[in-house]
Amino acid sequence: MTYELQPLRIQTGWAVRWNDFTEYDITVHRPEDTFELHEDLLQLFHEKTGLTIDLGWYPSYDPEGHYLLLLVRDCGWDRPLEAVKTRSKAEIITHIEKWMDHGFWGKYEV
């Protein structure tokens, strides 16, 4: 089965570096389609602030895995500003859209 890209409300200033985040939801769709779940699902970048939103599924393709969503500055992968680990797709979408809002990430402006 083919899944469309997950609709997201991308805010002004954010660029999509890559997007392989589809509408596949492990709680709804066929478990044999877990090829949709891997470490490089989505990466958004805000050039003005150097902030990156990064989403992956760990371990890749594992139906027992989880999403890991990170907000980092200047490639600070070992010290994320925010992190969410969950199996809930709805929770991930909510966090991505919240993190892109200036009312949220503005606290990290330099």
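Q: Two strands pair if DSSP finds at least two bridges between them. How do you know that β2 and β3 pair?
A: Count the bridges: five of them join β2 to β3 (residues 51-58), and the cut-off is at least two, so the two strands count as paired. They run antiparallel, and one bridge sets Q43 against D54 in β3. Strands here are DSSP runs of E with at least two residues and helices are runs of H or I with at least four, numbered from the N terminus. One thing to keep in mind is that this is a predicted model, where local features need pLDDT of at least 70, side-chain atom pairs count only at pLDDT 80 or more, and totals for chains, interfaces and linings use all residues. Residues are numbered from 1 along each chain as its sequence is written, and side-chain values use heavy atoms, with hydrogens and water left out.

Q: What makes β1 and β5 edge strands?
A: The sheet is open, has five strands in the order β1-β2-β3-β4-β5, and pairs them antiparallel. β1 and β5 (82-86) each pair on one side only, and that makes them the edges.

Q: What holds β4 between β3 and β5?
A: There are eight bridges between β3 and β4, in the antiparallel sense, and D54 stands opposite L70 in β4. On to β5: five antiparallel bridges link β4 with that strand, and L68 has K85 as its bridge partner there.

Q: Why is Y67 called buried?
A: Buried means a relative accessible area under 20%, exposed means over 50%, and partly exposed is in between (1.4 Å probe, protein chains only). Y67 has 2%, so it goes down as buried. The rest of β4 gives a similar picture: seven of its eight residues are buried.

Q: Why is the pair of Y3 and Y24 called edge-to-face?
A: The whole structure has six aromatic pairs, and this is one of them. Their ring centres are 5.2 Å apart and their planes meet at 75°, so edge-to-face is the right name. The rule covers rings of Phe, Tyr and Trp (its six-membered ring) with centres within 6.5 Å: planes under 30 degrees apart are stacked, over 60 edge-to-face, and the rest tilted. Y3 is in the segment before β1 (14-19) and Y24 in the loop between β1 and β2 (42-46), so parts 21 residues apart in sequence get tied together. Both Y3 and Y24 are buried.

Q: How do you know that F21 and Y67 make an edge-to-face pair too?
A: With centres 6.2 Å apart and planes at 85°, the two rings fit that name, so edge-to-face it is. F21 sits in the loop between β1 and β2 and Y67 in β4 (residues 66-73), so this pair ties together parts 46 residues apart. F21 has 2% relative accessibility, so it is buried. Ring pairs also join F21, W57 and Y67 into a cluster.

Q: What makes the charge of R17 sit over a ring?
A: The test asks for NZ of Lys or CZ of Arg within 6 Å of the ring centre and within 35 degrees of the ring normal. The charged end of R17 is 3.9 Å from the centre of the F45 ring and sits over it.

Q: Why do E97 and R9 count as a salt bridge?
A: A salt bridge needs a side-chain nitrogen of Lys or Arg within 4 Å of a carboxyl oxygen of Asp or Glu. For E97 and R9, N to O comes to 2.5 Å, so the pair passes the 4 Å test. E97 belongs to helix α1 (residues 89-99) and R9 to the segment before β1, 88 residues apart. E97 is at 14% and so is buried, whereas R9 is at 59% and so is exposed.

Q: How do you know that K107 and E82 form a salt bridge?
A: The closest N and O atoms are 3.8 Å apart, so this pair is within the 4 Å limit as well. K107 lies in the segment after α2 (102-105) and E82 in β5, so the link joins parts 25 residues apart in sequence. K107 is exposed, at 54%. Elsewhere, shared partners put R30, E32 and D33 in one salt-bridge network.
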